Amino acid sequence: MPRLRRITLAGLSLVTAAAGLAALPASAGAAPADHRTTAAQAPALTAAAPDIDVTRVQAHLTELNAIAGRNGGNRRSTTQGYRDSVAYVKGKLQAAGYTVTEQPCTSGCTSGAGPNLIAEWPQGDASKVYMFGSHLDSVSAGPGINDNGSGSATLLEVALKLAETSPSMAARVRFGWWTDEEQGLNGSDFYVRSLTSAQRSAIKAYYNFDMVASPNGGYFINHVTSAAAAPMKAYWDSLNLQPEENTEGAGRSDDYSFENYGIPTSGYAMGASARKTSAQAAKWGGTAGAAYDGCYHSSCDTTANINATGLNRSADGVAYTLWKQAVSDTTPANDFSVSASPATGSADPGTSLTTTVATTTTSGSAQTVNLTATGAPAGVTVAFSPASVTSGSSSTATISVGSSVPPGTYPLTITGTGSTTHTAPYTLTVKGAGGCTASQVISNGGFESGTSPWTGDTGAIGSFSGQSAHSGSRYAWLAGYGHAATDTVSQTVTVPSGCTKATLKYWLHIDTDESGTTVYDTFQVKVDGTAKQTYSNAGAATGYTERTLDLTPYLGRQITLTFTATEDSSLQTSFVVDDATLTTG
């Protein structure tokens with residue numbers, strides 16, 4: 001959540017004060033030993049939605065903390081730490097069967113900011129959308145595990161639970177993980193601006209989750225008396241938490257972007273830098289007079305800064321709200337489930353494998369279920385025998401892998417369609433074929449053919465005044481701004497197996513206005529988000545120097561190769577890359 005700022009809404013200007021206003025919701029001080037919500041705590045409501053296992057949410061937080069640790073201690077929107085966070089969440093969602101989109105923020109965001117991540121569960125009435133969002137970026141000062149790994153991890157696990165249970169849907173559910181929130185709500189603002197008026201009208205409510213595990217927190221709800229907030233309040237009321245209005249967070253998180261376009265909003269929060277009152281401490285426990293989160297926007301905002309009880313109560317309340325708003329409240333007269341066993345499989349190119357797709361009648365009478373599969377890469381086919389079954393029966397899915405399919409891991413989705421639709425995930429791993437055929441696998445390594453297939457800050461690719469190419473006329477000019485910035489270009493490649501060696505070669509030119517040997521600005525080569533080489537302003541020299549990196553450990557694997565440059569607040573350093581190759585032999 002950004003720091004205090006002036007906000008204007010419908011002509012009314014107001015300033016939120018961090019100290020003197022009731023703060024964001026906090027977590028109960030007298031936490032039960034078992035952090036899972038029990039049926040005894042909420043007997044009237046727990047049957048409406050599944051319980052969210054808080055240990056799974058914490059596992060996502062552990063990974064986000066590790067990503068920050070590998071990337072300079074933070075996940076700021078302009079850094080590789082943010083992009084690695086996007087990749088982690090995206091991979092989980094794709095494997096679960098979501099329709100996932102990375103949306104570059106092309107206006108209004110900080111230069112170099114990574115994309116928004118949008119995931120939609122492909123069931124339910126598309127004209128009636130309930131959206132759940134959180135910002136995925138952190139400030140530069142720390143890893144941002146409460147602010148806002150807590151909201152991001154909560155939504156990820158709720159999304160995975162929705163896919164796992166695959167209930168009948170009355171409405172469409174969409175999730176958003178926002179970029180550049182800490183710099184001014186920029187990613188969510190861009191998203192809402194990019195929608196048509198019809199698309200905005202389809203969003204019946206947007207729910208925001210920003211800091212839902214504050215150590216000394218309270219239980220706060222945005223627009224607590226609104227219709228949108230009703231299911232959120234009902235769940236916390238069932239736990240006798242007596243939630244309050246989120247005054248500290250008003251206008252300071254991504255729900256404000258949706259409010260500006262008239263979309264109803266609500267959400268949970270547990271508080272930032274404002275201080276807990278004596279009345280709140282008496283009601284919720286914790287320390288009166290102390291900040292809800294003493295590590296707000298600090299380096300100590302790590303996994304040690306998480307209130308597991310509050311996190312669990314937030315996650316269960318999110319699930320309850322989603323089920324209440326979007327899941328069908330009536331069981332279809334005839335319904336079924338679908339599963340794949342095994343749910344994973346490995347095959348060499350030119351071979352095939354099978355899995356059993358089982359269906360079960362879960363209510364009413366048996367029905368005809370038609371089976372299909374999506375997500376298969378080019379060269380992979382999935383055939384069902386039979387293609388239609390009566391619920392309660394099984395089919396054999398044969399997955400055939402063509403001889404030219406590159407090694408890698410591919411998430412597939414098996415769909416059963418009857419009176420309703422249900423899905424089951426299947427993960428295919430294509431192994432490397434034997435024998436070595438020497439090859440060069442980087443495409444457009446000289447940057448002469450536009451920007452594809454490079455991704456990231458592709459505006460850095462071209463021919464510009466002030467730099468020159470190693471060969472041809474184009475190159476990737478990373479950094480060189482003279483102010484704090486990060487540029488990244490990436491390409492995903494498959495390193496063929498069967499060979500004895502794989503070598504990355506590229507030409508790098510470094511020029512700088514810095515002086516001396518102190519490192520201020522850096523250039524890194526990363527493989528799957530892990531830095532393998534680092535150069536800096538201290539290595540500046542006239543002309544290009546060829547650099548070499550041994551990638552033999554990655555033979556037979558699909559990897560993402562990244563060039564990233566990070567510049568400090570003053571004095572430019574330019575890192576110019578050209579003629580990159582990755583050869584095997």
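This note sets out points on an annotated domain, two kinds of internal space and a group of paired strands in a predicted model.

1. Annotated domain. An unreviewed UniProt entry places the feature "domain: Peptidase M28" at residues 116-321. In the predicted model, helix accounts for 34% of this span and strand for 17%. The C-alpha atoms at the two ends of residues 116-321 are 23 Å apart.

2. Cavities. Rolling a probe the size of a water molecule over the atoms shows where empty space is left. The structure contains two cavities of 30 Å³ or more, and the largest cavity has a volume of about 50 Å³. Its lining is made up of 11 residues. Nearest the centre of the largest cavity are Asn208, Asp210, Asn222, Asn246 and Ser253. Sorted by class, the lining of the largest cavity comprises five polar, four nonpolar and two charged residues.

3. Second largest pocket: volume and centre. The second largest pocket encloses about 410 Å³ of space. It is lined by 22 residues, and those closest to its centre are Asn71, Asn74, Thr79, Thr486 and Thr566.

4. Second largest pocket: origin and character of the lining. One helix and three strands are to be noted here: helix 2 (80-95), strand 24 (485-494), strand 26 (522-527) and strand 29 (558-567) each contribute at least two residues to the lining of the second largest pocket. By class, 16 residues of this lining are polar, four are charged and two are nonpolar.

5. Burial of strand 18. Why is strand 18 (residues 408-417) described as largely enclosed by the rest of the structure? The reason is that seven of its 10 residues are buried, where buried denotes under 20% relative accessible area.

6. Pairing of strand 18 with strand 14. Strand 14 (residues 368-374) runs antiparallel to strand 18, and the two are paired over five bridges. Within this pairing, Ile414 of strand 18 has Ala373 opposite.

7. Pairing of strand 18 with strand 19. Strand 19 (residues 421-430) also pairs with strand 18 in the antiparallel sense, here over 10 bridges. A hairpin of three residues connects strand 18 to strand 19. Thr417 has Thr421, in strand 19, as its bridge partner. As a general remark on such elements, the side chains of a regular strand alternate between the two faces of the sheet.

Terms used:
Residues are numbered from 1 along each chain as its sequence is written. This is a predicted model: local features need pLDDT of at least 70, side-chain atom pairs count only at pLDDT 80 or more; totals for chains, interfaces and linings use all residues. Side-chain values use heavy atoms; hydrogens and water are left out. On a 1 Å grid over the protein atoms alone, a cavity is a set of points where a 1.4 Å probe fits but cannot get out, and a pocket is an open set with protein on both sides within 12 Å along at least five of seven lines; lining residues have an atom within 4 Å of a point. Grid points are joined across faces, edges and corners, and a volume is the space filled by probe spheres set on the points. Helices (H or I, at least four residues) and strands (E, at least two) are DSSP runs, numbered from the N terminus. Ala, Val, Leu, Ile, Met, Phe, Trp, Tyr, Cys and Pro count as nonpolar, Asp, Glu, Lys and Arg as charged, and the others, Gly among them, as polar. UniProt positions are given in the numbering used here, feature names are shortened, and annotations may be inferred rather than shown by experiment. Buried means under 20% relative accessible area, exposed over 50%, partly exposed in between (1.4 Å probe, protein chains only). Two strands pair if DSSP finds at least two bridges between them.
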